[in-house]
Amino acid sequence: MSKIPVCCGKEMKINLETSRFIEVQCESCGDVIYVKKIDSQKPIMLDD
């Protein structure tokens with residue numbers, strides 16, 4: 001998982017999480033940031 005950013009001296013709060021990004025918001029100033037998640041390995045189809 002990606003590291004949650006810090007704003008106004010505090011860790012930001014997660015508003016929304018999808019498979020591709022995390023939306024975080026500062027509780028003090030209200031700034032919103034979208035953080036792209038680190039891509040994990042793509043699934044590989046194995047032959048039977």
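Which residue takes a positive phi in the hairpin of E4 and E5? The legends below start from the sheet and come to that residue in the third view. The model shown is predicted.

**View 1. The open sheet of three strands.** The strands follow the order E3-E4-E5, and their pairing is antiparallel. Strand E3 (13–17) and strand E5 (32–36) are the edge strands, each pairing on one side only. From one strand to the next, the twist averages 30°. Strands of a sheet pair through backbone hydrogen bonds, in either a parallel or an antiparallel sense.

**View 2. Strands E3 and E4.** E3 pairs with strand E4 (residues 21–25) in the antiparallel sense, over four bridges. A hairpin of three residues joins E3 to E4. Two pairs of residues can be picked out here. Glu-17 has Ile-22 in E4 as its bridge partner, and Leu-16 stands opposite Glu-23 in E4.

**View 3. Strands E4 and E5 and their hairpin.** Five bridges connect E4 and E5, again in the antiparallel sense. Ile-22, the bridge partner of Glu-17, has Val-35 as its bridge partner in E5. The hairpin has six residues between the strands, and the residue asked about at the start is Gly-30, with a positive phi near 85°.

**View 4. Glu-23, a buried charged residue.** Glu-23 belongs to strand E4. What is the nearest side chain of opposite charge to Glu-23? Lys-13 is that side chain, 8.7 Å away, and the buried Glu-23 has no salt bridge. A salt bridge needs a side-chain nitrogen of Lys or Arg within 4 Å of a carboxyl oxygen of Asp or Glu. Neighbours within four places in sequence aside, Glu-23 is in contact with Lys-13, Ile-14, Asn-15, Leu-16, Val-32, Ile-33 and Tyr-34.

**View 5. The salt bridge of Glu-17 and Lys-37.** Side chains of opposite charge can pair when their charged atoms come close. How many salt bridges does a search of the whole structure find? The search finds one. In the salt bridge between Glu-17 and Lys-37, the closest N and O atoms are 2.9 Å apart. The pair links distant parts of the chain, 20 residues apart: Glu-17 is in strand E3, and Lys-37 is in the segment after E5. Is each partner buried or partly exposed? Glu-17 is partly exposed, with a relative accessible area of 43%. Lys-37 has a relative accessible area of 19%, so Lys-37 counts as buried, the cut-off for buried being under 20%.

Note on methods
Residues are numbered from 1 along each chain as its sequence is written. This is a predicted model: local features need pLDDT of at least 70, side-chain atom pairs count only at pLDDT 80 or more; totals for chains, interfaces and linings use all residues. Side-chain values use heavy atoms; hydrogens and water are left out. Two strands pair if DSSP finds at least two bridges between them. Helices (H or I, at least four residues) and strands (E, at least two) are DSSP runs, numbered from the N terminus. Axes are lines fitted to C-alpha atoms, for helices over the stretch in contact, and angles run from 0 to 180 degrees between N-to-C directions. Buried means under 20% relative accessible area, exposed over 50%, partly exposed in between (1.4 Å probe, protein chains only). Lys and Arg count as positive and Asp and Glu as negative; His and the chain ends are not counted. Contact means heavy atoms within 4.5 Å.
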